[in-house]
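Q: I'm new to reading protein models, and I'd like a close look at a single part rather than a quick tour of everything. Could you pick one spot and walk me through its surroundings slowly?

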Amino acid sequence: MSVKAKKYLGQHFLKDENIAKKIADTLTENGYDTVLEIGPGMGVLTKYLLKKKCSIHVIEIDKESVEYLKVHYLNLTDRIISEDFLRINIADYFQGKPFAIIGNFPYNISSQIIFKTLENRQRIPELCGMFQKEVAKRISEKSGSKIYGIISVLTQAFYDVEYLFTVPPNVFNPPPKVDSGVIRLIRKENYTLAVDEKLFFKVVKTAFNQRRKTIRNSLKTFNLSDKLREDVIFAKRPEQLSVQEFINLTEKIANDAI
Ligand code: SAH
């Protein structure tokens with residue numbers, strides 16, 4: 001018996017063993033000895049992860065998949081978390097130890113997985129896995145690109161992102177409509193910002209809300225001094241600003257005297 005794919009859970013099961021192994025091998029196993037796989041499904045990736053030296057835990061929302069895993073992966077049983085990844089409190093797991101995240105992720109919650117990782121980055125030195133290609137590209141793209149946006153800047157502020165390889169639809173059952181892409185995030189040595197983080201997030205989000213306007217126009221609601229608004233950076237559009245320039249911009253805004 002195998003698990004029947006449920007669309008609302010973003011289930012596309014990987015059929016290709018070589019790709020499963022290739023994804024498992026994207027883990028560097030540096031700086032952690034615990035790994036959490038999100039959405040193991042029938043365990044195609046899990047099988048290769050279990051050959052690693054790290055301790056593998058899985059979190060799966062689908063009860064039918066959980067039952068399948070319990071029957072087919074007997075030694076995994078007490079490391080199966082039968083929960084929704086988006087609803088767990090990370091502090092309740094792995095005794096405060098660092099852990100890596102891996103998965104052929106459910107594409108309907110891709111950005112939420114990234115944002116939850118960013119919020120818990122003190123605990124998560126690495127994330128590897130597969131997203132919709134467009135999302136994978138967006139996370140890894142640098143300034144100047146049309147798809148560079150909020151998720152690119154926020155992720156790259158804390159992680160070095162590498163786009164690794166593309167996976168075509170026909171290796172899944174059922175096949176998704178789009179290509180997939182595998183990426184790796186490695187946390188930067190210094191992953192605390194030199195500026196107020198809340199303000200940084202607000203600046204990035206507000207700037208990209210109107211991505212074709214200049215920063216000067218988009219940040220009107222910040223009530224900045226005329227002097228600051230004359231700064232050259234304010235004549236640029238958000239997609240022209242590197243992560244470091246967004247950090248500098250946040251610092252200037254924080255120090256703006258009105
Ligand atoms: N890794 C498997 C399955 C990928 S499909 C493979 O490669 O074949 C995505 C998996 O994520 C499904 O098993 C789905 O049930 C699970 N999933 C979806 N939403 C989830 C959530 N919020 N928390 C945990 N798992 C989830």
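A: We'll start with one helix, zoom in on one of its residues, and then step over to a neighbour. Before that, keep in mind that this is a predicted model, where local features need pLDDT of at least 70, side-chain atom pairs count only at pLDDT 80 or more, and totals for chains, interfaces and linings use all residues. Residues are numbered from 1 along each chain as its sequence is written, and side-chain values use heavy atoms, with hydrogens and water left out.

Our spot is helix 6, residues 150–158; helices here are DSSP runs of H or I with at least four residues, strands are E runs with at least two, and both are numbered from the N terminus. Eight of the nine residues in helix 6 are buried. Buried means under 20% relative accessible area, exposed means over 50%, and partly exposed is in between, using a 1.4 Å probe and protein chains only. The buried ones are Ile-151, Ser-152, Val-153, Leu-154, Thr-155, Gln-156, Ala-157 and Phe-158.

What do they pack against? Their partners are helix 4 (110–119), helix 5, strand 7 (159–167), strand 9 (180–187), helix 7 (197–209) and helix 10 (243–254).

Now zoom in on Gln-156, which counts as buried because its relative accessible area is 5%. Skipping residues up to four places away in sequence, Gln-156 touches Ile-139, Ser-140, Glu-141, Lys-142, Val-161, Lys-188 and Val-243; touching, or contact, means heavy atoms within 4.5 Å. With Ile-139 there's also a polar contact: the Gln-156 side chain reaches its backbone oxygen at 2.9 Å. A polar contact is a pair of N or O atoms within 3.5 Å; within protein, one must be able to donate a hydrogen and the other to accept it, and residues adjacent in sequence count only if both atoms are side-chain atoms.

Helix 5 was one of the partners of helix 6, and helix 5 covers residues 133–140, with Lys-133 in it. Is Lys-133 buried, exposed or partly exposed? Its relative accessibility is 27%, so Lys-133 counts as partly exposed. Neighbours within four places aside, Lys-133 contacts Tyr-163, Thr-166, Asp-179, Ser-180 and Gly-181. Then there's Phe-165, 32 residues from Lys-133 along the chain, with a C-alpha separation of 9.2 Å between the two.
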